[in-house]
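Visitor: I am in my first year and want to know how the labels for a structure are justified. Please show me one and take my questions in turn.

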Amino acid sequence: MIKEELTPKQIVQELDKYIVGQKDAKKAVAVALRNRWRRQQLPEELRDEVIPKNILMIGPTGVGKTEIARRLANLVGAPFIKVEATKFTEVGYVGRDVESIIRELAEASFKMVKAEKMEEVQEKAKALAEEKVLDYLVPRKVRRFGSLESYEEEESPAREKFRQMLKEGQLDDRIIEIDVEEKPVSVIGGVIAPGMEDIENQLRDLFSNLTPSKRKRRKVTVKEALKILQQQEAEKLIDMDEVASEAVYRAENFGIVFIDEIDKVAGKSSGSSPDVSREGVQRDLLPIVEGTTVSTKYGPIKTDHILFIAAGAFHLSKPSDLIPELQGRFPIRVELQPLTKEDFVKILTQPKNALIKQYKALMETEGVHLEFTDDAIETIAEIAEEVNEKTENIGARRLHTILERIMEDFSFEAPELKGQYIIIDEKLVRQKLEDVIQSEDLTRYIL
């Protein structure tokens, strides 16, 4: 699962492709990830003793907290989920139960393993799907021995010819009628109180297992039939019990849970406060972070070695406002720095998924060539920094609102501008944003 060659330095280099700055945070997660590989190399009796060092990221919104965790999980192909602490409430109140975090992680792990196993059997499934399509096009002769039936061993010349045509794609648009397995539609849904979604899902699974799957005749093209039948055959070729046990193993040993908005459940709550269950959420999170066993539909999952990364802006509360036991479970604290003008320039141009690159690609689809001059990019970054200082600091998200404002008319008129070159320079940027920047009230509302 975790490649030996991914050293902490290489992990940071990979994260640098998508996230600007925040060296401390990248370093902390890189070490946490490498420690997982180191743990796997230890003798078994010592391996169980090594617990992951959970991380608490502190920093304003829009500086890359979530992105770091998400890219980290993608990098190693680890099961990953992001949850908001504010969605959960203390046991006894209406709202989601914290154990559903681990059930979601198990689901993510199962989907990941299933996709990998399906990929492994695609070649075999494709061959079987081709045979089935040929059975619909050129049925094979059936030999009967009393009640026993078997197909003729010898291929007919017509079937051989059709096989060749099928491989060459000559039959792609021909319509055939095939049998498709249909999953039964669940009768349960929308009848259970909020916060009881887990029970609803379990009941849905139970009823779907009790109801046999139906077969339905569908008219589709040969190309579509190959896709449908290949999917069906691949599902038959993989052992779901093996997938479930592998999913549990991966979730336990490599799972990453990102708990956002942890600062919203921090702070002393008095009995008369509307947020009476805040501290209760922390108490409920505690056993999961400390290590407990949660039952999921794929089997029980021990949470001792799952890596938890919590994040929050902590502008109204402090990490010390969390209950002491929970603080102790996040030994690594990383402060993320607010973004500067220089950072904004890099965010606009350097990452693989840079905003300027995205807008250029979107306009290319309409045949419009878009170009941003260097002084335009500088001006956008300058305005973003200024607006963040004047109003709320929402980090890199401010660039989205500013760019949308600049691009609004061009995006609207793009279909009529086909074949044109649009150059966005400093003058145009200031012209588009002039009214908004001059009036502080407008800035608050629009940017």
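Visitor: Which residues of strand S12 are buried, and which are not?

Guide: Strand S12 covers residues 369-372, and its side chains alternate. Leu370 and Phe372 point to one face and are buried, whereas His369 and Glu371 point to the other and are not. Buried means under 20% relative accessible area, exposed over 50%, and partly exposed in between, with a 1.4 Å probe and protein chains only. A strand is a DSSP run of E with at least two residues, a helix is a run of H or I with at least four, and both are numbered from the N terminus. This is a predicted model, in which local features need pLDDT of at least 70 and side-chain atom pairs count only at pLDDT 80 or more, while totals for chains, interfaces and linings use all residues. Residues are numbered from 1 along each chain as its sequence is written, and side-chain values use heavy atoms, with hydrogens and water left out.

Visitor: What makes S12 and S13 a pair?

Guide: Two strands pair if DSSP finds at least two bridges between them. S12 and S13 (residues 421-424) have four bridges, in the parallel sense, so they meet the definition. Ile424 in S13 is the bridge partner of Phe372.

Visitor: How many helices and strands are there in the protein?

Guide: There are 18 helices and 13 strands. Of the 447 residues, 43% are buried.

Visitor: Why does Lys65 have no salt bridge?

Guide: A salt bridge is a side-chain nitrogen of Lys or Arg within 4 Å of a carboxyl oxygen of Asp or Glu. For Lys65, which is buried, the nearest side chain of opposite charge is Asp260, 5.6 Å away, so the pair does not meet the cut-off. For charge, Lys and Arg count as positive and Asp and Glu as negative, while His and the chain ends are not counted.

Visitor: What is Lys65 in contact with, leaving aside its neighbours within four places in sequence?

Guide: Lys65, in helix H4 (residues 65-76), is in contact with Met57, Gly59, Pro60, Phe258, Ala311, Gly312 and Leu336. Contact means heavy atoms within 4.5 Å.

Visitor: Why is the link between Glu235 and Lys114 called a salt bridge?

Guide: The closest N and O atoms of Glu235 and Lys114 are 3.4 Å apart, which is within 4 Å, so the name applies. Glu235 lies in helix H9 (residues 222-237) and Lys114 in helix H5 (residues 100-120), so the pair ties together parts 121 residues apart in sequence. Glu235 has a relative accessible area of 28% and is partly exposed; Lys114, at 21%, is also partly exposed.

Visitor: How do you know whether Glu116 and Arg250 are buried or partly exposed?

Guide: Glu116 has 35% relative accessibility and counts as partly exposed. Arg250 has 7%, which is under 20%, so the word is buried. Glu116 and Arg250 form a salt bridge, with the closest N and O atoms 2.6 Å apart. The pair links helix H5 with helix H10 (residues 240-254), 134 residues apart.

Visitor: Which residues form a network of salt bridges?

Guide: Lys341, Glu378, Glu382, Glu426 and Arg430 are linked in one. Within it, Arg430 and Glu382 have their closest N and O atoms 3.5 Å apart. Arg430 is in helix H17 (residues 426-438) and Glu382 in helix H15 (residues 374-390), so parts 48 residues apart in sequence are tied together. The structure holds 26 salt bridges.
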